[in-house]
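Hello,

Here is the structure I promised to pass along. Have a look at it first, and then read on for what I found.

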Amino acid sequence: MNSETRATTKSMNLRMKAFIVQQNLAVPKWHKNDFGNYKYRTAEDILSAVKVLLIDVKALLVITDEVVLIQNDDDKPGRFYVRATARLMDIESDEVIEAKGWAREEETKRGMDAAQITGSASSYARKYALNGLFGIDEGEADPDARGHTDISNATRQALLDKAQKLGAVKQMPEIIKRVYGVENSNELTEKQGLDLLENLTKYLGV
């Protein structure tokens, strides 16, 4: 960002500042899920990249979470969601722009306690709130943007964590193809993902 932009922020409204940040923000997908065969970015990656730009336009970013119970129309029990709100605040005025992101908490997940389940949902919700605020497009290659997979994000992350603990990340594609007949974890159903999580040690022959 050039010095002219820094010197004239007082003449800008917050929408213009947000526009400048969006045009200069670049957050590559540095992380790779080896057995899922996809690259991704995290909320932390976005925050790290945007903080420098916010200094130049004199704006503050605040993110908050809340757990919301969404009731169904029928007699089935409601589900808990984490709703994250990302607020861009102009420190030279009272202007605020905000965007929200949602992620559903799973009821139970093997290998994850309640705090981990909520933390995982919070991370995804915050990421999507930041995407909306700064115009970040995940693209079709990102599994979070696709609807063709039944496996949940929480189960996929639990599988990755367990595979890393067992030192079995490189073996995962072969196991998934041998046991379930699909190419990677994105093509698993939730039931298959839970089965793999429970029986990974057995499938490894340990």
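**What I found**

From the N terminus on, the elements of the protein follow the order α-α-β-β-α-β-β-β-α-α-α-α. That comes to 7 helices and 5 strands. Please keep in mind that this is a predicted model.

Some overall numbers: of the 206 residues in the protein, 42% are buried. The exposed surface is about 11,700 Å², and carbon and sulfur atoms supply 49% of it. Among contacts with a separation of 6 or more, 59% are between residues 24 or more positions apart.

Now to the sheet. Three strands form an open sheet in the order E3-E4-E5, with antiparallel pairing. Strand E3 (59-70) and strand E5 (96-104) are the edge strands, each pairing on one side only. From one strand to the next, the twist averages 20 degrees.

E4 and E5 are joined in the antiparallel sense over 9 bridges. If you want a spot to zoom in on, try Arg-87, whose bridge partner in E5 is Glu-98. Helix H3 (residues 43-57) packs on the sheet and touches E3 and E4, its direction making about 130 degrees with that of E3. Helix H2 (residues 14-24) lies across E4 and E5 and runs at about 105 degrees to E4.

One last thing, on the surface: Val-67, Leu-69 and Phe-80 make a nonpolar patch of about 270 Å². Phe-80 belongs to strand E4 (residues 79-90). Phe-80 counts as partly exposed because its relative accessibility is 42%.

Best wishes

How values were computed. Residues numbered from 1 in each chain as written. Predicted model: local features only at pLDDT ≥ 70, side-chain atom pairs only at ≥ 80, totals over all residues. Heavy atoms only, no water. Patch = residues over 30% accessible without salt bridge, like charges linked within 9 Å, V, L, I, M, F, W, Y side chains within 5 Å. Areas by Shrake-Rupley, 256 points an atom, 1.4 Å probe, with all protein chains shown as cover. Salt bridge = Lys/Arg side-chain N within 4 Å of Asp/Glu carboxyl O. Helix = DSSP H or I, 4+ residues; strand = E, 2+ residues; numbered from the N terminus. Buried < 20%, exposed > 50% of the residue type's maximum accessible area, 1.4 Å probe, protein only. Contact = heavy atoms within 4.5 Å. Pairing = 2+ DSSP bridges. Axes fitted to C-alpha atoms, helices over the stretch in contact; angles between N-to-C directions.
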